[in-house]
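The following exercises are to be worked through with the structure at hand. Each task is followed by a solution in steps.

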Amino acid sequence: MPIRTPAPQQASLTEISKGLFERACIVIPDGVNRATVDRDPFPDYVGWGRGAYLYDVDGSKYLDLNNNFTTLIHGHTFEPVIEVARRVLKDGSCFSNPTLHEINLAELLCERIPAVEQVRFVNTGTEAVMFAIKAARAATGRPAIAKIEGAYHGAYDWAEVGQAGTPDTWGAPEAPITVPNYAGQPRSVTDDVILLRFNDAAAARRRIAANHQRLACILIDPVPSRAGLLAPDDSFLAAIVETARQYGILVIADEVLNLRQGYQGASARFGLNPDLICMGKIIGGGFPIGAVGGTKTAMAVFGGSGGPPLLPQAGTFSANPISMVAGLASMTAMTIEQFDRLERLGDHLRARLRQVIAKYEAPFSVTGSASLFRLHPKPYAPREYRDAYLSKSEAETMRLLGRHFKKHGIILPFAAAASLSTAMGDTEIELIIQTFEHALAYEELTL
Ligand code: PMP
C-alpha cells in the first residue's frame with residue numbers, strides 16, 4: 001500500500017526489537033506472552049516508561065495510549081505508587097498472613113462504589129470474573145451464564161465463549177451461536193452459555209426467560225470494550241436487571257476495564273444495579289490485581305457465617321501487600337477532580353476527532369466515554385458487536401492507521417480501547433488530533 005505521508009519525524013529504528021523478537025520466538029511460542037500484543041510485523045520492546053510516554057529499546061519515544069490495556073490511569077512510574085511500593089517491598093513482598101494494606105484498599109472500594117459492600121482480592125481480572133461466576137453458581141445452584149456476544153471477560157472458559165464470533169460462525173442475530181473459543185473447548189462449556197446481543201432489550205428478555213431455570217448470572221460489561229467500546233442504552237441495562245431479578249438470576253458487572261468510567265465506577269455511572277462487580281487494572285496501580293465486590297448478600301458465599309463457605313476461594317498472591325499499597329496510592333490520587341479532568345480531556349478529544357472526521361467526510365466514527373476512546377473505520381458508531389466487527393479491509397485500515405500513529409510517535413491500540421492518563425494534558429490531546437487529521441489528509445488508508 002503506497003504511503004503518501006512526508007517522511008516521519010520519528011526515527012524508524014527497529015533493529016534491537018527485531019533481534020529480541022527473533023530470540024523470543026525460539027523460546028516463547030509466537031514470541032509473546034499475550035495474544036493481544038500488537039505487532040506490525042513484530043512488537044516494540046520497551047526500555048522504560050515515564051508519565052504519558054514510553055521509550056523503546058531502539059531509542060524511539062511514544063505517547064502511550066495503550067497504558068497496559070487501560071491499567072495505568074496515571075501513566076508510567078507514577079511517583080506516589082513507586083514510593084510506597086519501594087517502601088513496603090523492604091518489609092516483604094508476600095505473606096500467608098493478611099496485612100493491614102488489604103483492609104485499606106477494601107475500605108476505599110466499599111466507600112466509593114455503591115454496589116460494593118464487601119470485596120475479595122485476587123490477582124487478575126480473569127480470576128475476578130471466574131470467582132464472580134462461581135459465586136453466582138454457589139448462590140443459585142445453577143450452572144449456566146448469559147453474556148454479551150463479542151464481549152471480552154478474560155480467560156475463564158465460560159467467560160470466553162462467543163468473544164470472537166465471525167460472520168461465518170455467529171448465526172442469526174436473535175439467537176447468536178456459542179462459538180467455542182479454542183479447539184477442543186468442551187461442548188458442555190458452550191452449552192452452558194447463552195449469548196445476548198448488546199442493546200437489544202427485547203431479545204435479551206426473551207432469551208433470559210427461555211433459559212431462566214439454568215441461569216446463575218448475567219455477566220455484563222456496561223461498556224463492552226473489545227466488542228467495540230459500545231455505549232449502553234438505559235433501556236437495555238434496565239431490561240437486563242429487571243429480567244434477572246424476576247427469575248432470581250444474579251447480575252455481574254465486569255468493570256475490570258471500565259471502573260475508570262468514574263469515581264464510583266461504570267455501573268453507578270450508567271444506572272446498572274449489579275449484585276457483584278469485577279474489578280482489576282486501575283485498582284492495582286500497575287501491579288497484578290483483581291477483585292470481586294458486591295452486596296453483603298451476594299458476597300456471603302465466600303463465608304462469614306462461621307460454617308464452611310459455599311465457595312472456597314484462595315490464591316497464593318491474592319491481596320499481596322505490594323498490589324494493595326500501589327492500588328491504594330493510585331486510587332487515592334484519583335479524586336473526583338481528577339476523574340472530572342480526565343473526562344473533560346476525553347470529551348474534548350472525542351469531539352475534535354468527530355470534527356476532523358466530518359471535515360474530511362471520512363468513513364470513521366468514535367466511541368467511548370470518560371478517559372476511553374476507540375476509532376472505528378465505520379461511518380456510524382457501532383451499537384453492538386456485529387456492527388463493530390472489522391472486515392478484512394477495515395482491519396487493514398486500522399493496521400495502517402496504527403502504523404501512521406506510530407510513525408508520528410503514538411501507540412494507538414489496533415482494535416481495543418485507547419485510554420488517557422492523568423499524565424496527559426492539552427499537548428498530548430493536540431498531538432492525537434493532529435496525527436489523526438494528518439492520516440485522513442495524506443495517508444492512503446484502505447477506505
Ligand atoms: N474483563 C475485562 C472487561 C477485561 O478488559 C479484562 C482484561 N482486558 C479482563 C476481564 C481480564 O483481566 P486480566 O487480563 O487482568 O486477567
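**Exercise 1: An unusual backbone angle**

Task: State in which loop Leu229 lies and describe its phi angle.

Solution. Step 1: Leu229 is located in the loop that runs between strand S7 (215-220) and helix H9 (234-246). The model in which this loop is examined is a predicted one. Step 2: The phi angle of Leu229 is near 50°, which is a positive value in a residue other than glycine. Step 3: For comparison, most residues other than glycine have a negative phi.

**Exercise 2: A cis peptide bond**

Task: Determine the form of the peptide bond from Asp40 to Pro41, and place Pro41 in the chain.

Solution. Step 1: With omega near 5°, the bond from Asp40 to Pro41 is cis. Step 2: Most peptide bonds, by contrast, are trans. Step 3: Pro41 belongs to the loop between helix H1 (15-27) and strand S1.

**Exercise 3: The order of a sheet**

Task: Give the strand order of the sheet that contains S1, and explain why S1 and S13 each have one side without a neighbour.

Solution. Step 1: The sheet is open and consists of four strands in the order S1-S2-S3-S13, with mixed pairing. Step 2: Strands S1 (46-50) and S13 (410-411) stand at the edges; each has a single partner strand, so one side of each lacks a neighbour in the sheet. Step 3: S1 pairs with strand S2 (residues 53-56) in the antiparallel sense, over four bridges. Step 4: Within this pairing, Val46 has Asp56 in S2 as its bridge partner.

**Exercise 4: The surroundings of the ligand**

Task: Describe where the ligand is found, which residues surround the ligand, and which polar contacts are made.

Solution. Step 1: The ligand takes up the space of the largest pocket. Step 2: The residues around the ligand include Thr124, Tyr152, His153, Asp221, Val256, Leu257 and Lys281. Step 3: The shell divides into three nonpolar, five polar and three charged residues. Step 4: A backbone N or O atom of Gly125 lies 2.8 Å from a ligand oxygen atom, and an N or O atom in the side chain of Thr126 is 2.8 Å from an oxygen atom of the ligand. Step 5: A polar side-chain atom of Asp254 is 2.7 Å from a nitrogen atom of the ligand. Step 6: The ligand taken alone exposes 390 Å², and the protein buries 82% of that area.

Key
Residues are numbered from 1 along each chain as its sequence is written. This is a predicted model: local features need pLDDT of at least 70, side-chain atom pairs count only at pLDDT 80 or more; totals for chains, interfaces and linings use all residues. Side-chain values use heavy atoms; hydrogens and water are left out. A residue is near a molecule or strand if one of its heavy atoms lies within 4 Å of it. A polar contact is a pair of N or O atoms within 3.5 Å; within protein, one must be able to donate a hydrogen and the other to accept it, and residues adjacent in sequence count only if both atoms are side-chain atoms. Accessible areas come from the Shrake-Rupley method with a 1.4 Å probe; for residues, only the protein chains shown count as cover. On a 1 Å grid over the protein atoms alone, a cavity is a set of points where a 1.4 Å probe fits but cannot get out, and a pocket is an open set with protein on both sides within 12 Å along at least five of seven lines; lining residues have an atom within 4 Å of a point. A molecule sits in a cavity or pocket if more than half of its atoms lie within 2 Å of its grid points. Ala, Val, Leu, Ile, Met, Phe, Trp, Tyr, Cys and Pro count as nonpolar, Asp, Glu, Lys and Arg as charged, and the others, Gly among them, as polar. Two strands pair if DSSP finds at least two bridges between them. Helices (H or I, at least four residues) and strands (E, at least two) are DSSP runs, numbered from the N terminus.
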